[in-house]
Amino acid sequence: MAKKIKQIAIYGKGGIGKSTTTSNLSAALSELGLKVMQFGCDPKSDSTNTLRDGRYIPTVLDTLREKSTVKAQDVIFEGYNGIYCVEAGGPSPGVGCAGRGIITAVELFKQQKVFEALDLDIVIYDVLGDVVCGGFAVPIREGIAEHVFTVSSSDFMSIYASNNLFKGIQKYSNSGGALLGGVIANSMGTPYSREIIDDFVAKTQTQVIEYIPRSVTVTQSELQGKTTIEAAPTSAQANIYRSLARKIAEHTESKTPSPLEISELRAWAAKWGDYLLEVEQGKVTSQGQAI
Ligand code: ADP
Ligand code: MG
């Protein structure tokens, strides 16, 4: 019997660290001996950049615009440690649905049975989480990805995007859609970032799968066009990405989250806002006790 290919999707607000986290995750999974494909589904098309020394690859949509028939081999490029890199791409500026690249690329690979032919262990979709059209929901809705993770910092807009994603997951959860594996808490280190994320996951009945600090090592690696796993393999940050990779490799049980209504989310955020203000004004201690 053919082995089961694990397919996961990483969502999150633009600029929150999805591609950075996904590329380090792919690199760490490849170190575990797994055959990995990273599938960039952001019209920005820079998902796999640091797996290829800062070089960009032609996207599926660009290639389709040039040639009438495209073979999967034309759009799959090898990256760090044998990772297969794909970028779905986006429409011409101002034209069409930005999610079309995902639909087209997924269809192409399905027809040509690419995942089976490459004998993959894991496919990771890196998807823009400010879900604006149906295309971005494809990995969830069609159940292509089995497990979804969201990258979020403790900033409100990022939590807001995650909460919207939870609504999408909940909506398709009864019709074979993907379920939520948890939150990858990124850019930790600012005051109360952990507490805020912990409170949000408790309220929405999910979990933090890994806390990833904001780190200058990540910046340095990116400037060299590499993942931290490749550029700084012995760093503490690389070990955190390895820990994330182990958890995701072993992850089996995803769940339907309980997103907050927008009014609840606002009230929740306002409570944290008031609290942080009181801390700043010295009205409560950092342990939360009133002075
Ligand atoms: P996205 O894919 O969500 O749009 P990126 O992965 O491109 O976001 O990250 C945006 C910027 O944030 C990049 O310059 C990246 O290096 C930086 N970044 C992401 N995570 C971290 C981190 N943990 N520490 C430092 N910089 C980070
Ligand atoms: Mg990205």
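Q: How far apart do the C-alpha centres of domain 1 and domain 2 lie?
A: They lie 32 Å apart. This is a predicted model, where local features need pLDDT of at least 70, side-chain atom pairs count only at pLDDT 80 or more, and totals for chains, interfaces and linings use all residues. Residues are numbered from 1 along each chain as its sequence is written, chains are lettered from A and ligands numbered from 1 in the order written, and side-chain values use heavy atoms, with hydrogens and water left out.

Q: Which residues belong to each domain?
A: Domain 1 covers 6–260 and domain 2 covers 261–291, with bounds from an automatic or database domain assignment.

Q: And how many residues are in the contact?
A: 13 from domain 1 and 13 from domain 2, where contact means heavy atoms within 4.5 Å.

Q: What area do they bury?
A: About 1200 Å² between them, 76% of it on carbon and sulfur atoms. Buried area is the accessible area (1.4 Å probe) that two parts lose on being put together, summed over both.

Q: Which three residues of domain 1 supply more of its share than any other three?
A: Phe-156, Tyr-192 and Leu-260, with 55% of the area that domain 1 buries against domain 2.

Q: How many salt bridges cross that interface?
A: Zero, taking a side-chain nitrogen of Lys or Arg within 4 Å of a carboxyl oxygen of Asp or Glu as a salt bridge.

Q: Switching to ligand 1, how many residues surround it?
A: 16, each with a heavy atom within 4 Å of ligand 1. The closest are Gly-15, Lys-18, Ser-19, Thr-20 and Glu-222.

Q: What does the side chain of Glu-222 do there?
A: One of its N or O atoms is 2.8 Å from an oxygen atom of ligand 1.

Note on methods. A polar contact is a pair of N or O atoms within 3.5 Å; within protein, one must be able to donate a hydrogen and the other to accept it, and residues adjacent in sequence count only if both atoms are side-chain atoms.
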